Amino acid sequence: MNDKPAARENSRLLIKLVGLALGMFAFGFLLVPIYDVFCDITGLGGKFDLEAAVVETRVPVDDRIITVEFVASLNEYAPWEFHPAVASMEVRPGQMYDTTFYAKNLTDRELVGQAVPSIAPGQAVRFFQKTECFCFTSQKFTAQEGRDMPLQFVVDPELPEYIDRLTLSYTFFATNQVAQN
Amino acid sequence: MSATVADMHDSHDHHGPVHTGIKRWLFATNHKDIGTLYLVFALVMLFVGGLMALIIRAELFQPGLQFVDPDFFNQMTTMHALIMVFGMIMPAFAGFANWMIPMMIGAPDMALPRLNNWSFWLLPFAATLLVSTLFMPGGAPASGWTLYPPLVLQTGDAFPFAIFAIHLLGISSIMAAINIIVTILNLRTPSMSLLQMPMFVWSWLITAYLLILVMPVLAGGVTMLLMDQFFGTSFFEAAGGGDPVLFQHIFWFFGHPEVYIIILPAFGIISHVIPAFSRKPLFGHNAMVYATACIAFLSCVVWAHHMFTVGMPLAGQMFFMFATMLIAIPTGVKIFNWTATMWQGALTFETPMLFAIAFLFLFTIGGFTGVMMAMVPLDFQYHDSYFIVAHFHYVLVPGALFGAIAGCYFWLPKWTGHMYDERLGKIHFWLTTIFVNLTFFPQHFVGLAGMPRRIPDYAVQFTNFNMMSSIGAFGFGFSQLLLVYVIYKCVKGGAKATAEVWDNPEGLEWTVPSPAPYHTFEVPPVYTPRYGATH
């Protein structure tokens, strides 16, 4: 059975199958950009682009009231105090609103922070437009410094009918703890 | 055929193992030796993983914390799952594949015998590496076998070791899969067409392709975990623009096909056992092949049903819900075909058949709870409760493991040349089946009532069911010692088995003497399907 043609057949199939396995290993990594694109299209995961939206302020179109809740979170051992100025706001789509988040550096060193936003439900990500946000840039704090950080946003009147409550969540990270992306 | 058999028997005297003693096993390239190694390894791991399950059940016997601290409890749930999945059930079926596939397709050996040796011998080292994480500072991973970040990144020094162990286990099973595909496609006796191949061979061909498709994706996923932890990447780190949910997608892209990788070979074994003891050909052989292929395909597009609760668009929920429920159709084809095989058959109830029938009943229960969980609105209640624990144990224990045990009793006389002790086999069956139900059935109830999984303590109202479960688990665990004794006794001696062993079963493996000679089918046999060209 170990004659040459058979051995060649075997190695040909072997190479194909090893190739398939390596290809699938690469596919695993390819899933990362695919997932990003998929999330971009569907709003899955509620991830924002970290740049200011350009919107012309429109007159509030209807009497719809949307509740926007603000959540500020910190991971374990994060050396900050971090909370929103108000827990929630009642907003009308199409109108511009301002609010602030407060952050304080609890260490005796200079720290650079970065807020990472996320919104729930994820489908709302395209309809929540931030014209100004402290999350667009990293925030430098001197030792024990605390300050309010601005946020300006508009809820798009196109927001699907069935959504009447949005939760905007920020997690505040010290950038020296994680790689910048 | 008889001439071939006589030749085989003749050559048996001259061509035993090249090496003797420990070298026979270390340098093994014979498919039967490697099959035996796999099976013995799996049996050892059954007890290692089982011991961990008993630690879990001992702790859950009563509410409150009795024996172990919560972190160690979670290390146990994690290690129990990893060992049972990668160290026990997959090697067990690889062992069956090694032993039986060449004999079923009339091949002299596996196509790539040295690769075969390597894929087995990676296993003990990988398993040792995995178990050794228990003794490292910070202990073994305690994140559950799903290894979700960021929790898994809090593992102590053991983290890279656990990841490397998973890499090794993955490499081992990919190599075994490649070997099996090459063997089936290139070494099959020329007179056996693809569709004529026995169901166990078909199941493994499809399983092997699934393994090659998804194992590397898991390897990629855990490599990303490693990079996040040590090289400052942010695949799953929200602060760096990554997303931990991505890991769940990658994991379940592997994880869902993996559950079919575990169950399909068991389907294959059952498709041999039921016809043999019904004395009828397998009903709808071709339908079984297509159903298996269909299950394998669907298994690759349903992964997100494991993560409904992380939130996804309505369209996504609908797609994954309906695609998942669709799997019930080809699975139903298989269940009904097995039942139809028994219909009007001349049934006898030897131990393998008992396990096969129990498989049929109990796997179906697990299948139904699976359909329940496929429904999005219901899944929110069942998710991460003991209901899911009951579900997947029903498909894995009386499903996959019963398949393996049935196969073990079925082919043991072929392997050893002796009949096993039928009386002890039946006792083993009844103990196992009663205790397995006592263990897992009450878990449905506590799960529905709200008991979460992976937590060492629970509310007092769940006590009675948990006590039943724990008693069942200990009974089940100790019953398996009987299996070891039956196997030991059968290896040592017993009534002489004939070549056919059972009453005129179908398949080339029954045309060689028992015990199967060290080398079989050095000349490709002529295969004539017994039931005409219908399949």
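Which residue is the bridge partner of Ile66(A) in E3(A)? In this predicted model, that partner is Val91(A). Let us see where this pair fits in, starting with chain A as a whole.

## Chain A at a glance

Chain A has 1 helix and 9 strands. If you walk along the chain from the N terminus, the elements come in the order α-β-β-β-β-β-β-β-β-β. The helix is H1, which covers residues 4-42. Chain A has 181 residues, and buried residues make up 41% of them.

## A sheet of five strands

Now back to Ile66(A) and Val91(A). Strand E1 of chain A spans residues 66-73, and its pairing with E3(A) is antiparallel, with 4 bridges. Both strands belong to an open sheet of 5 strands in chain A, ordered E3-E1-E9-E5-E7. The pairing in this sheet is mixed. Strand E3 (88-91) and strand E7 (139-141) each have a single partner strand, so they stand at the edges, and one side of each lacks a neighbour in the sheet. From one strand to the next, the twist averages 25 degrees.

You can follow the mixed pairing strand by strand. E1(A) runs parallel to strand E9 of chain A, residues 165-174, and 7 bridges join the two. As an example, Thr67(A) has Arg165(A) in E9(A) as its bridge partner. Elsewhere in the sheet, strand E5 (residues 111-120) of chain A pairs with E7(A) in the antiparallel sense, over 3 bridges. Here Val112(A) is found opposite Lys140(A) of E7(A).

## A sheet of four strands

Chain A also holds an open sheet of 4 strands, in the order E2-E4-E8-E6, and its pairing is antiparallel. Which strands stand at the edges here? They are strand E2 (80-84) and E6 of chain A; each has a single partner strand, so one side of each is left without a neighbour in the sheet. The twist in this sheet averages 25 degrees from one strand to the next.

Begin at the E2 side. E2(A) is joined by 5 bridges to strand E4 of chain A, residues 96-105, and the two run antiparallel. To find one point of contact, look for Phe82(A), which stands opposite Ala103(A) in E4(A). At the E6 side, E6(A) and strand E8 (residues 146-155) of chain A are paired over 5 bridges, again in the antiparallel sense. Lys130(A) has Phe153(A) in E8(A) as its bridge partner.

## Inside strand E6

Is E6(A) largely enclosed or left open by the rest of the structure? Of its 6 residues, 5 are buried, so E6(A) is largely enclosed by the rest of the structure. Phe128(A) is a good residue to click on, as it lies in this strand, which covers residues 128-133 of chain A. Phe128(A) counts as buried because its relative accessibility is 3%, below the 20% cut-off. Phe128(A) and Asp156(A) are 28 residues apart in sequence, yet their C-alpha atoms are 6.2 Å apart in space.

## Cysteines, bonded and free

A disulfide is a covalent bond between the sulfur atoms of two cysteines. How many disulfides does a search of the whole structure find? Over all chains, the search finds 1. The disulfide is formed by Cys133(A) and Cys135(A), with their sulfur atoms 2.3 Å apart. The link is right-handed, with 130 degrees about the S-S bond. Both Cys133(A) and Cys135(A) are buried.

Cys294(B), in contrast, is in no disulfide, and the nearest cysteine sulfur, in Cys300(B), is 12 Å away. Cys294(B) counts as partly exposed because its relative accessibility is 32%. For Cys408(B), the closest cysteine sulfur is that of Cys490(B), 8.5 Å away, which is too far for a bond. Cys408(B) is buried, with a relative accessible area of 10%.

## A nonpolar patch on the surface

Finally, turn to the outside. Four residues, Leu20(A), Leu185(B), Leu194(B) and Tyr209(B), form a nonpolar patch on the surface. Together they have about 280 Å² of accessible area. Leu20(A) sits in helix H1 of chain A. With 30% relative accessibility, Leu20(A) counts as partly exposed.

Conventions:
Residues are numbered from 1 along each chain as its sequence is written. Chains are lettered from A and ligands numbered from 1 in the order in which they are written. This is a predicted model: local features need pLDDT of at least 70, side-chain atom pairs count only at pLDDT 80 or more; totals for chains, interfaces and linings use all residues. Side-chain values use heavy atoms; hydrogens and water are left out. Patches are made of residues with over 30% relative accessible area and no salt bridge: like charges are joined within 9 Å, nonpolar side chains (Val, Leu, Ile, Met, Phe, Trp, Tyr) within 5 Å. Accessible areas come from the Shrake-Rupley method with a 1.4 Å probe; for residues, only the protein chains shown count as cover. A salt bridge is a side-chain nitrogen of Lys or Arg within 4 Å of a carboxyl oxygen of Asp or Glu. Buried means under 20% relative accessible area, exposed over 50%, partly exposed in between (1.4 Å probe, protein chains only). Two strands pair if DSSP finds at least two bridges between them. Axes are lines fitted to C-alpha atoms, for helices over the stretch in contact, and angles run from 0 to 180 degrees between N-to-C directions. A disulfide is a pair of cysteine sulfur atoms within 2.5 Å.
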